[in-house]
Amino acid sequence: MNTTPELSFEFFPPRSKEGSEKLMAVHSELMRLEPQFVSVTYGAGGSTQDGTFEAVKNMLATGNSTAPHLTGVGSSRDDIKSIIQGYLDLGVKRLVVLRGDLPSGMVERGHFKYAEQLVQFVRDEFGDDLHLEVAAYPDFHPESASPSTDIQYLKRKFDAGANSAITQYFFNADSYFSFIDEAQRAGIDAPIVPGIMPITNYATLTRFSDACGAEIPRWIRARLEQYQHDEKSLKAFGLDVVTHLCFDLLDNGVPGLHFYTLNKTEPVQDICKLIGFEQTK
Ligand code: FAD
């Protein structure tokens, strides 16, 4: 296992010029933690295509490794080819390759029904130079028929050419370690980096978690509910929970930590400081 875990930070694309300026200020602050790379999410079906491209361009211009997310659902092969070519022209070297969820109102799933097919397509069309990340789910994907089929499908993404995976967030370290054990038994030896969600808001976190299948343990959910109108206590409790989770993961040799920043500086900085990642000046 890697003894020097790497950080990475995920952002979402802003919707306005003002949002873009704010995001670049957050990005600049978080770069002081010297992440291995940052990534920018993509609205499935292409809903944030321009915003993602713009944010990736701005971040790459600062000289830092930036990975656009790309979803396949609802897109044609030509769409995907031209989006990737645009990124290659910018100097992108890493992509986060996903299936995505069909936006409401869209019914045509298109050529890429699963992420595995998109990974295969990128390899066939663009060769082996790009580093491809895929998604993994320690609490299991909500649509998966069973935990073992979810792992088998993850294995197929690696067989198709993925280099590493980033997980959906989770709050129980055992869920991650049991997932890793099972993945290794299935023949996956590539890095699977835990995704870390800072806890700062009760309503947003519970809504997200219910939608994506990330489990909030009962004792954590009860406390968050209790503190939902007391921001200071909620943030202090959230910081404590996520910091302990990170310590647990680092003590057991994870290859890195991928933070879902939600385009905010402080929650990530606070956790990183407590777990011993130094900021440059
Ligand atoms: P897949 O790997 O295709 O899996 C989807 C489901 O299908 C799973 O249940 C799997 O078990 C099953 N499956 C896979 N292959 C097969 C097969 N051959 N036959 C039958 N079943 C199969 N969404 C966005 O819209 N934009 C983003 O930027 C984005 N970024 C993300 C980043 C990370 C790190 C993570 C963890 C998720 C992200 N998502 C994003 C959410 C993601 O798009 C959804 O979770 C989506 O439902 C599944 O995408 P996937 O790539 O994991 O799909």
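**Close-up views of a predicted protein–ligand model**

**View 1. Ala236 in helix 9.** Ala236 is found in helix 9, in a structure that is a predicted model. The relative accessibility of Ala236 is 47%, and for that reason this residue counts as partly exposed, because the partly exposed class falls between 20% and 50%. A second residue, Gly105, is 131 residues away from Ala236 along the chain, and the C-alpha atoms of the two are separated by 40 Å.

**View 2. Thr243, a buried residue of helix 9.** Thr243 also has its place in helix 9, and with a relative accessibility of 7% Thr243 counts as buried, because the limit for that class is under 20%. A polar atom in the side chain of Thr243 lies 2.5 Å from the backbone oxygen of Leu239. When neighbours within four places in sequence are left aside, the residues in contact with Thr243 are Ile271, Leu274 and Ile275. Of these, Ile271 reappears in the next view, where it is listed among the buried residues of helix 10.

**View 3. Helix 10 and the elements it packs against.** Helix 10 covers residues 266-274, and its buried residues are Pro267, Val268, Gln269, Ile271 and Cys272. Which elements do the buried residues of helix 10 pack against? They pack against two helices, helix 1 (17-30) and helix 9 (231-251), and against two strands, strand 1 (6-11) and strand 8 (256-260). After helix 10 comes Gly276, which has a positive phi, near 95°.

**View 4. Two non-glycine residues with positive phi.** Glu34 is not a glycine, yet its phi is positive, at about 50°; this residue sits in the loop that runs between helix 1 and strand 2 (37-40). Asn263, likewise not a glycine, has a positive phi of about 60°, and its place is in the loop between strand 8 and helix 10. Are these two loop residues buried or exposed? Glu34 counts as exposed, because its relative accessibility is 55% and the exposed class begins over 50%, whereas Asn263 counts as buried, because its relative accessibility is 16% and the buried class lies under 20%.

**View 5. Ile192 in strand 7.** Ile192 lies in strand 7, which covers residues 192-196, and Ile192 is buried, with a relative accessible area of 4%. With neighbours within four places in sequence left aside, Ile192 is in contact with Ala136, Leu154, Ala165, Thr167, Tyr176, Phe179, Ile180, Ala183 and Pro255. Phe37, which is 155 residues from Ile192 in sequence, is 15 Å from Ile192 in space, C-alpha to C-alpha.

**View 6. The shell around the ligand.** The shell has 25 residues, and those that come nearest to the ligand are Tyr42, Asp101, Tyr137, Asp150 and Lys157. Four elements, namely strand 3 (66-71), helix 4 (115-126), helix 5 (147-159) and strand 6 (164-169), each contribute at least two residues to this shell. Which element gives the most to the shell? That element is helix 5, with four residues. By residue class, the shell divides into ten nonpolar, eight polar and seven charged residues.

**View 7. Polar atoms beside the ligand.** An N or O atom in the side chain of Asp101 is 2.5 Å from an oxygen atom of the ligand. The backbone takes part elsewhere in this view: a backbone N or O atom of Arg99 lies 2.8 Å from a ligand oxygen atom, and a backbone N or O atom of Ala115 lies 2.8 Å from an oxygen atom of the ligand. The ligand taken alone exposes 980 Å², and 87% of that area is buried by the protein.

**View 8. The whole protein, for orientation.** The protein contains ten helices and eight strands, and its C-alpha trace spans about 50 × 45 × 40 Å along its principal axes. Its radius of gyration is 18 Å, which agrees with a compact globule, because a globule of 281 residues would have a value near 19 Å. Of the 281 residues, 49% count as buried, while the protein exposes about 14000 Å², of which carbon and sulfur atoms supply 47%. Among the contacts between residues at least 6 apart in sequence, 78% join residues that are at least 24 apart.

How values were computed:
Residues are numbered from 1 along each chain as its sequence is written. This is a predicted model: local features need pLDDT of at least 70, side-chain atom pairs count only at pLDDT 80 or more; totals for chains, interfaces and linings use all residues. Side-chain values use heavy atoms; hydrogens and water are left out. A residue is near a molecule or strand if one of its heavy atoms lies within 4 Å of it. A polar contact is a pair of N or O atoms within 3.5 Å; within protein, one must be able to donate a hydrogen and the other to accept it, and residues adjacent in sequence count only if both atoms are side-chain atoms. Accessible areas come from the Shrake-Rupley method with a 1.4 Å probe; for residues, only the protein chains shown count as cover. Ala, Val, Leu, Ile, Met, Phe, Trp, Tyr, Cys and Pro count as nonpolar, Asp, Glu, Lys and Arg as charged, and the others, Gly among them, as polar. Buried means under 20% relative accessible area, exposed over 50%, partly exposed in between (1.4 Å probe, protein chains only). Contact means heavy atoms within 4.5 Å. The radius of gyration is taken over C-alpha atoms; the globule rule is 2.2 Å times the number of residues to the power 0.38.
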